[in-house]
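Trainee: Please take a close look at the largest pocket. Then work outward from there.

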Amino acid sequence: MNGNHSDNDSPLDREWHDNGIRQCKNVFYETYKKNPQNAAALLNDRNLTFPCLFIFMPQIKSLRLQSLLNLRNTTAAKIVNRILRGEEASDRNNNFTFWGNNAQSVLKWMIETGGLEDGLEDNDHDDYEEVLDISASVLINVYKDASILPAVTDMLFQRYKKGGNIHTLVWSVFSAHEPAVLHLIAERLRSPDRQEAQLACNLLNIKIEGNRDLSAECQEKYEAFLQWIKENHLFLSFTDENLQFASNPVFCKVDLERKYIHKANSSHTGQVAAISESIEKKCLHDFAPLSREEKTTLADYSCKMYNQDVSRWGEWIQRPVDEQLKTCRAGLEGKK
């Protein structure tokens, strides 16, 4: 470790950061030999981080200190054991109350204090990443905890820069179906770190020309993307595509049908809009056979008109689709 730590670090975290894992374990063991209660108190320190607890889990078991752990650490140990034994797989869609009533708060502590950790020994590294990946997935998909998304996004980008596997983390953040994720990733377009900016482009399906200064181009792309979100946030649909089954997945797209008839997609999923009015049914019936380009043109024009003059839009949307397209093209020609 580099010796950097804050005044709020627990004694064990400080020892680890200053002198490394082996020395930290030696200090802990010497404390245990003198007084097991004092050793347990070191683990139960309110400022202890999850990676520090993870380091000591083999010793906790071998020294039989489980009964002296506080509720946070007991729950965390239970979560880790279940994940590494694969027991969470069959229960991933359940409420995980078997982990304890405080499981959600402990999972957040695990991610928030350990998501950016990179000082674990190699033999612990893969297990540790698996625990974090599953914990993030449970928080997002089971507990629907959107507050953890910034921390998980940070974890995703840091791991990518270190060459780690990000497939599960990418799936988790997009499976939240939260437009806020797009903003979190878009912020990385402005990063001075080229890897971060490039990953953000890949995740947002933003094409980079490659013959210009990347930072200048990414700033332009960032501003354009924010405008795109502003225009389309009501009609965004997360596709649930992922990196495991597609080489260039599209994680989020605009539902052109909804945008065309101005039906907001509050769930941001591929759920088909509920249509009750006959005019909407006719509009979508005529809209369906159009080309992708025509659909995009009509949907964009419809959205702009709706935002500018709802009554005018109401009259326009009832016209035959070929007349609507003529209006769109005439409007586009007039802007040239």
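Mentor: What follows starts at the pocket, moves to the parts around it, and ends with other sites for comparison.

This is a predicted model, where local features need pLDDT of at least 70, side-chain atom pairs count only at pLDDT 80 or more, and totals for chains, interfaces and linings use all residues. Residues are numbered from 1 along each chain as its sequence is written, and side-chain values use heavy atoms, with hydrogens and water left out.

The largest pocket holds about 420 Å³ of space. A pocket is an open set of points on a 1 Å grid over the protein atoms alone, where a 1.4 Å probe fits and protein lies on both sides within 12 Å along at least five of seven lines. Its volume is the space filled by probe spheres on those points, joined across faces, edges and corners. The lining (residues with an atom within 4 Å of a point) comprises 16 residues. Closest to the centre are Met57, Pro58, Lys61, Ala77 and Asn81. By class, the lining has 8 nonpolar, 4 polar and 4 charged residues. Nonpolar covers Ala, Val, Leu, Ile, Met, Phe, Trp, Tyr, Cys and Pro; charged covers Asp, Glu, Lys and Arg; the others, Gly among them, are polar.

Next, the elements. Two or more lining residues come from each of α3 (50–62), α4 (71–84) and α6 (122–141). Helices (H or I, at least four residues) and strands (E, at least two) are DSSP runs, numbered from the N terminus. α4 gives the largest share, 6 residues.

So look at α4. The helix has 14 residues, which should span 20 Å at 1.5 Å a residue, and its end C-alpha atoms are indeed 20 Å apart. The expected span is 1.5 Å times one less than the number of residues. Arg72, Asn73, Thr75, Ala76, Ala77, Ile79, Val80 and Ile83 are the buried residues of α4. Buried means under 20% relative accessible area, exposed over 50%, and partly exposed in between (1.4 Å probe, protein chains only). Ala77 is thus on that buried list and also among the residues closest to the pocket centre. Just past the helix, Gly86 takes a positive phi of about 75°.

Now the other side of α3. Leu48 sits in the loop between α2 (36–43) and α3. It counts as buried because its relative accessibility is 1%. Outside its neighbours within four places in sequence, Leu48 contacts Ser10, Leu12, Asp13, Leu42, Leu43, Leu53, Arg72, Asn73 and Trp109. Contact here means heavy atoms within 4.5 Å. Of these partners, Arg72 and Asn73 belong to the buried set of α4. Leu48 also lies 7.0 Å from Asp9, C-alpha to C-alpha, across 39 residues of sequence.

Trp109 leads on to the rings. Together with Phe50, Phe54 and Tyr128, Trp109 forms a cluster linked by ring pairs. The model has 12 aromatic pairs. Rings of Phe, Tyr and Trp (its six-membered ring) pair if their centres lie within 6.5 Å; planes under 30 degrees apart are stacked, over 60 edge-to-face, the rest tilted. Tyr29 and Tyr32 count as stacked because their centres are 6.2 Å apart and their planes at 25°. They are 3 residues apart in helix α1 (residues 11–34), so about one helical turn separates them. At 35% relative accessibility, Tyr29 is partly exposed. Phe174 and Phe251 are stacked too, at 4.2 Å centre to centre and 5° between the planes. Phe174 is in helix α8 (residues 167–175) and Phe251 in the loop between β1 (236–238) and β2 (252–254), so the pair ties together parts 77 residues apart in sequence. Both are buried.

Thr239 shares that β1–β2 loop and touches Phe251, along with Val250, Cys252 and Lys253, not counting residues up to four places away in sequence. Thr239 is partly exposed, at 25% relative accessibility.

Finally, the enclosed space. The model has 1 cavity of 30 Å³ or more. Here the 1.4 Å probe fits but cannot get out. The volume is about 50 Å³. Among the lining residues are Tyr260, Lys282, Cys283, Asp286 and Arg319. α13 (278–287) and α16 (321–335) each supply at least two, and α13 gives the largest share, 4 residues. This lining has 6 nonpolar, 2 polar and 3 charged residues.
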